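Got the model open in a viewer? Let's take a relaxed walk through it.

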Protein chains: 2
Amino acid sequence: MSAKKVEVCFTPALLPLYNIANATVVIIDIFRATSSICYGLHNGAQAIIPVATVEECLAYQTHNYLLAAERDGQVVDGFDFGNSPFSYTREKIESKTIVLTTTNGTHALNKCKSEAQQIIIGSFFNLDAVCNYLISQGENVLLLCAGWKDKFNLEDTLFAGAVVEQLKKSDYLSDDAGTASQDLYDLAKADLYAYTSKTSHSERLKKLGIEEDIKFCLQLNITTAIPVLNGEKLECLVW
Amino acid sequence: MSAKKVEVCFTPALLPLYNIANATVVIIDIFRATSSICYGLHNGAQAIIPVATVEECLAYQTHNYLLAAERDGQVVDGFDFGNSPFSYTREKIESKTIVLTTTNGTHALNKCKSEAQQIIIGSFFNLDAVCNYLISQGENVLLLCAGWKDKFNLEDTLFAGAVVEQLKKSDYLSDDAGTASQDLYDLAKADLYAYTSKTSHSERLKKLGIEEDIKFCLQLNITTAIPVLNGEKLECLVW
C-alpha cells in the first residue's frame with residue numbers, strides 16, 4: 001500500500017490545483033465559522049446548512065430554521081446571529097437546523113462540495129477526533145484553509161499544522177505547505193493565544209470587540225463531534 | 001507618513017489579490033531562476049530577457065543571444081543552457097544577453113510586469129542589497145514567491161521571511177503571510193541547507209542529480225547586483 005498524502009491548501013483560491021476526487025477535505029475556518037459549526041453540533045443542533053450568499057440564507061426564512069449570516073466579522077442586519085460560538089450554545093440551538101453563510105468558511109466549503117470525495121469540518125474543538133477519523137479511514141487528505149478573502153491566514157494554518165503533526169506519525173506524507181504548517185504549529189502550540197495575537201484576523205476581531213471569541217476558539221478537544229457534509233447539510237458524523 | 005507594507009504572495013496564482021500598482025515587486029525563485037539571474041548579472045551579463053514560453057525564447061535565435069530554457073528542472077533540448085547557476089559564470093556570459101524561460105520564475109515575472117510599479121529580482125545572493133534598496137526607496141513591497149506550478153514552496157518563503165525580518169526593523173508592517181515567512185526563516189536560518197533538505201523541490205533536484213545547485217543557491221550576500229526590469233530586459237540596477 002502506498003503512503004497516503006496530507007496536503008494543505010492555504011486558500012480557496014488555490015483549490016483548483018488539487019485533486020480532491022479521491023480525498024477527504026477538511027474545511028478550516030478557526031475564527032470562527034468551523035469552530036462554531038463544531039460547537040453547534042456538539043450542543044445538539046440537528047444540522048447546519050452552509051450556503052454561499054446572504055440571499056440564499058434568507059430564502060430559508062419560511063422554514064422555521066435559525067438563520068445565521070456573517071460578513072466581515074459582523075452579524076448581518078436582520079439575522080438571528082452570525083458566527084460567534086457563543087451563539088451556538090445548547091439552549092439556543094438544540095434540535096434546531098441552522099442556515100449559515102459566512103465570509104470565508106462557507107465560501108471554502110461551497111468551492112469544493114461538488115468534487116470532494118468527502119467533506120468534514122475541523123477546528124481546535126475536535127482536533128483529535130478529526131485526526132483519529134482521518135487515520136482510521138486511510139484516505140488522502142486535503143486540509144483546506146478558508147483564509148481571509150482568499151488570502152493566507154495564520155490561525156487556519158496552525159490548525160492544519162496540528163493535523164499534519166498527527167497524520168505524519170501515522171506515516172502520511174505532506175507537501176511543503178504541510179511542512180510549513182507543522183513547523184508553525186510547533187512554534188505556536190505552547191501558547192496558541194499569544195501566537196495568534198499577532199495575526200491580522202485577531203486584530204480585526206479585537207477591533208470588533210469580540211476578543212473573547214478568539215480565546216474560546218483556541219480550546220483543544222472539547223468535543224468528539226465531527227460535522228460531515230451529507231447532501232446540503234452538515235450533520236454529526238457517526239462512525 | 002503612514003507605515004509601509006511588506007506583503008508576501010505565496011504563489012503567482014494569488015497575485016490578482018494584491019494591489020501592485022503602487023508597490024515594488026520582488027520576484028523570488030530560489031531554486032533556481034532568480035538565483036541564476038542575480039549570479040549572471042553579477043558576472044557581467046549585459047542583460048537577461050525573461051520570456052514566458054520556449055517558443056518565445058526560440059524566436060530570439062537569430063539575434064546572437066544566449067538562449068536558456070528550463071522545464072521541470074531540466075534544460076530543454078536544443079538550448080544553450082537552463083537555469084543552473086553554474087551556467088551563469090563570467091566566462092560563459094560576460095557582456096552577453098541571455099533570453100531565459102523557466103517553469104516558475106519567468107512565469108511569476110510575466111504575470112506582474114504590466115501592473116507593478118517596479119520589478120526587481122531577489123535571491124539569497126543579493127539579500128542585503130535588496131533589503132537596503134527597498135528600505136531606501138520606502139515604497140510598499142510585495143514579495144512574490146514563484147512557488148512550484150502555482151503551489152506554495154518552502155525555499156521561496158524562507159527568502160521572503162529573510163526580507164520581512166529586515167524590513168520590519170525599518171518599521172514596515174507585514175501581513176500574516178509575512179509573519180509566517182519570517183517565523184519559518186527564523187527556524188531555518190542557522191542551517192538553511194538542512195532545513196531545505198525537507199522541501200519537495202529539493203527532493204526533485206536531488207533526483208535530477210543537481211544537488212550542488214541547491215547548496216550554491218543558499219549562499220548569502222555574494223553580490224550587491226540587483227536585477228531590475230527595464231522594458232523587456234533585466235539589467236543591473238544603478239542607484
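Before anything else, one term: two residues are in contact here if their C-beta atoms, placed from the backbone, lie within 7 Å. Keep in mind, too, that this is a predicted model.

With that term in hand, start at helix H9 of chain A, which covers residues 200-207 and has Ser200(A), His201(A), Ser202(A) and Leu205(A) as its buried residues. What do the buried residues of H9(A) pack against? Within chain A, they meet helix H6 (154-169), helix H8 (192-196) and helix H10 (211-217), and from the other chain they meet H7 of chain B. After H9(A) comes Gly209(A), with a positive phi near 75°.

**Chain A as a whole**

Step back a little. Chain A is built from ten helices and eleven strands. Its radius of gyration is 16 Å, close to the 18 Å that the globule rule gives for 239 residues, so chain A is as compact as a globular protein of that length. Along the principal axes, the C-alpha atoms of chain A fill a box of roughly 50 × 35 × 30 Å. Of the 239 residues of chain A, 55% are counted as buried. Take the contacts in chain A with a separation of 6 or more: 79% of them are between residues 24 or more positions apart.

**How the two chains meet**

Now bring in the partner. A turn of 180° and a shift of 0.0 Å along the axis lay chain B on chain A with an RMSD of 0.0 Å. The two copies are thus related as by a two-fold rotation axis. Both copies use the same surface, since 100% of the contact residues of chain B recur in chain A.

How many residues does each chain bring to the contact? Chain B gives 22 residues and chain A gives 22 residues. On chain B's side, the elements giving two or more residues are helix H6 (154-169) and helix H7 (176-188). H7(B) has the largest share, with seven residues. Sorted by class, that side of chain B has ten nonpolar, six polar and six charged residues.

**Inside the core**

The largest nonpolar core has 160 residues, and those with the most contacts inside it are Leu143(A), Leu144(A), Leu143(B) and Leu144(B). Leaving out residues up to four places away in sequence, Leu143(A) touches Val6(A), Val8(A), Cys9(A), Val26(A), Ile28(A), Ala160(A) and Val163(A).

Is Tyr18(A) buried or exposed? Tyr18(A) has 20 other C-beta atoms within 10 Å, so it is buried, and a residue needs 20 or more to count that way. Tyr18(A) is found in the loop between strand S1 (5-9) and strand S2 (23-28) of chain A. Again leaving out residues up to four places away in sequence, Tyr18(A) touches Glu7(A), Cys9(A) and Leu142(A). Leu142(A) is 124 residues from Tyr18(A) along the chain, yet their C-alpha atoms are separated by 8.2 Å.

**Backbone details**

A few spots in the loops deserve a look.

| Site | Feature | Value |
|---|---|---|
| Phe31(A) to Arg32(A) | cis peptide bond | omega about 15° |
| Phe31(B) to Arg32(B) | cis peptide bond | omega near 15° |
| Ser95(B) | positive phi, not a glycine | phi about 65° |
| Lys149(B) | positive phi, not a glycine | phi near 50° |

Arg32(A) is in the loop between S2 and helix H1 (33-42) of chain A. Ser95(B) is in the loop between helix H3 (90-93) and strand S6 (97-101) of chain B, and with 8 C-beta neighbours inside 10 Å it counts as exposed. Lys149(B) lies in the loop between strand S8 (140-145) and H6 of chain B, and with 14 other C-beta atoms within 10 Å, Lys149(B) is partly exposed.

Terms used: Residues are numbered from 1 along each chain as its sequence is written. Chains are lettered from A and ligands numbered from 1 in the order in which they are written. This is a predicted model: local features need pLDDT of at least 70, side-chain atom pairs count only at pLDDT 80 or more; totals for chains, interfaces and linings use all residues. Helices (H or I, at least four residues) and strands (E, at least two) are DSSP runs, numbered from the N terminus. Ala, Val, Leu, Ile, Met, Phe, Trp, Tyr, Cys and Pro count as nonpolar, Asp, Glu, Lys and Arg as charged, and the others, Gly among them, as polar. The radius of gyration is taken over C-alpha atoms; the globule rule is 2.2 Å times the number of residues to the power 0.38. A residue is buried if 20 or more other C-beta atoms lie within 10 Å of its own, exposed if 12 or fewer, and partly exposed in between; C-beta atoms are placed from the backbone. A nonpolar core is a set of buried Ala, Val, Leu, Ile, Met, Phe, Trp, Tyr and Cys residues joined through C-beta atoms within 7 Å. Copies are superposed by least squares on the C-alpha atoms of residues with pLDDT of at least 70 in both.
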